[in-house]
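Please look over the sequence and the model shown below. The questions that follow take it up region by region, each with a reasoned answer.

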Amino acid sequence: MTGTAPVPFTADDYAARMERAARQAADAGLAGLLVAPGPDMVWLTGYTPPADTERLTLLVLAPGRPPELVVPALEAPDAGRATGAPALTLRDWTDGKDPYALTAALLDARGRFGVSDNAWALHLLALQRTLPDTSYVALTEALPMLRAVKDAAELERLAAAGAAADAAFEEIRQVRFSGRPESEVAADLAGLLRRFGHSQVDFTIVASGPNGANPHHEAGDRRIERGDMVVLDFGGLKDGYGSDTSRTVHVGEPTDEERRVHDLVREAQEAGFRAVRPGAACQDVDRAARAVIADAGYGEYFIHRTGHGIGVTTHEPPYMIEGEEQPLVPGMCFSVEPGVYLPGRFGVRIEDIVTVTEDGGRRLNDTERKLVTVA
């Protein structure tokens, strides 16, 4: 069961993204953008270079110039078949030639450029030696909202990824937890994500009992016991777009305190969701969720931000955190995931992906948020 295939992105879609990126670079006072292999390149061009290639591959976007892709000659045929290739001029180079001299000829020799965060230092330093008067800034710092506002087709893919993650939760809550290692349940979750259409599983956190107090616990050999709270946090990519959801279940009947803490986190998650609206600052979502937990006396046990953006990666800007004054805009997508973590005892986290609408927010996850008991 994988659902209906999404409508493919077109050459015009990629051309519009590249044009918008170049325009935003100019507005930010940059001479252009240098995009290395990774999520930014895939989003802008539809081209996925070979993983971990050491050969320089670089998309150059500059205001008033057509997009240009510096690419090794042996990989140029694949680049030319990318959906966004009709909008690109390919500049190929062969082994033994200097790719940095080729790239330098495309750049303002005194310009300041935004560089994708995952560019190799090897390449950036070599380019800087070739053009010593250039300067560089990380793309996330220069244009943090470049991928943040999703169009209708992207929202469809994010909604489908969320529905697939929800389907995985509905299945996992039916399996036996008691007596099994966390790693086995995590493997079940990964298999369910793939069964429901994920091509990539990024994480399957299964944190039982005291391990639940570690928000990024790696599922291990601990056997889940009756009486445990179990934090489940899982997601990955489906049709190129991310899912990420958390639910906390209990093996058998919970104590009054466990139920009270879970209800508190559920109330905080609802408050964070209700704070989502166009024009509100990202930090307003964090403040709304955090206030509920702090007012109940558990503020010191909420130890991470309330949320992060999601798109072609499962974590990206914007971030729902104190100090982030970026206003929310319709089409933004991010998690709302408050938690309480009691060291040595248990943890609770509830997480939905939310998109900003014209008049508020819409959840892309809709499984049960009340405390679910499992066997």
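**Cores, cavity and ion pairs**

Q: Leaving aside its neighbours within four places in sequence, with which residues is Leu61 in contact?
A: This is a predicted model, in which local features need pLDDT of at least 70 and side-chain atom pairs count only at pLDDT 80 or more, whereas totals for chains, interfaces and linings use all residues. Residues are numbered from 1 along each chain as its sequence is written, and side-chain values use heavy atoms, with hydrogens and water left out. If contact is taken as heavy atoms within 4.5 Å, and neighbours within four places in sequence are set aside, the partners of Leu61 are Met18, Ala21, Gly32, Leu33, Leu44 and Pro67.

Q: Which element supplies the largest share of the largest nonpolar core?
A: A nonpolar core is a set of buried Ala, Val, Leu, Ile, Met, Phe, Trp, Tyr and Cys residues joined through side-chain atoms within 4.5 Å, where buried means under 20% relative accessible area, exposed over 50% and partly exposed in between, for a 1.4 Å probe and protein chains only. The largest one has 33 residues, and Leu33, Leu44, Tyr47, Leu59, Leu61 and Leu69 have the most contacts inside it. At least two residues each come from helix H1 (11-27), strand E1 (32-35), H2, E2, E3, helix H3 (76-80) and helix H7 (152-172), these being DSSP runs numbered from the N terminus, with helices (H or I) of at least four residues and strands (E) of at least two. The largest share, four residues, is that of H1.

Q: How many residues does the other core have, the one that lies apart?
A: In soluble globular proteins, nonpolar side chains tend to be buried together. Here another core lies apart from the largest one, and with Ala168, Ile172, Leu193 and Val206 among its members, its count of residues is 21.

Q: Is Leu143 buried, partly exposed or exposed?
A: Leu143 is placed in the loop between helix H6 (139-142) and H7. Not counting residues up to four places away in sequence, Leu143 touches Ala21, Gln24, Ala25, Ala28 and Leu33. Because its relative accessibility is 10%, Leu143 counts as buried.

Q: Which helix gives the most to the lining of the largest cavity?
A: On a 1 Å grid over the protein atoms alone, a cavity is a set of points where a 1.4 Å probe fits but cannot get out, and lining residues have an atom within 4 Å of a point; grid points are joined across faces, edges and corners, and a volume is the space filled by probe spheres set on the points. By this rule there is one cavity of 30 Å³ or more, and the largest has a volume of about 100 Å³. Its lining includes Thr57, Tyr100, Trp120 and His123. The helix that gives the most, with three residues (121-130 being its range), is H5.

Q: Where is Thr57, a residue that lines the largest cavity, placed?
A: With a relative accessibility of 2%, Thr57 counts as buried. Apart from neighbours within four places in sequence, its contacts include Val35, Met41, Tyr47, Leu69 and Glu75. The place of Thr57 is in the loop between helix H2 (39-45) and strand E2 (58-61).

Q: How far apart in sequence are the partners Glu68 and Arg91?
A: A salt bridge is a side-chain nitrogen of Lys or Arg within 4 Å of a carboxyl oxygen of Asp or Glu, and the structure holds 31 of them. Glu68 pairs in this way with Arg91, their closest N and O atoms being 2.7 Å apart. Glu68 is buried at 3% relative accessibility, whereas Arg91 is partly exposed at 34%. The pair links distant parts of the chain, strand E3 (residues 68-72) and strand E4 (residues 89-93), and the separation is 23 residues.

Q: What distance separates the end C-alpha atoms of helix H9?
A: The expected span of a helix is 1.5 Å times one less than its number of residues. Helix H9 (residues 256-274) has 19 residues and should therefore span 27 Å, which agrees with the distance between its end C-alpha atoms, 27 Å.

Q: Which residue is joined to Pro317 by a cis peptide bond?
A: The residue in question is placed in strand E12 (residues 316-320). With omega about 5°, the cis bond joins Pro317 to Pro318.

Definitions and conventions:
On a 1 Å grid over the protein atoms alone, a cavity is a set of points where a 1.4 Å probe fits but cannot get out, and a pocket is an open set with protein on both sides within 12 Å along at least five of seven lines; lining residues have an atom within 4 Å of a point.
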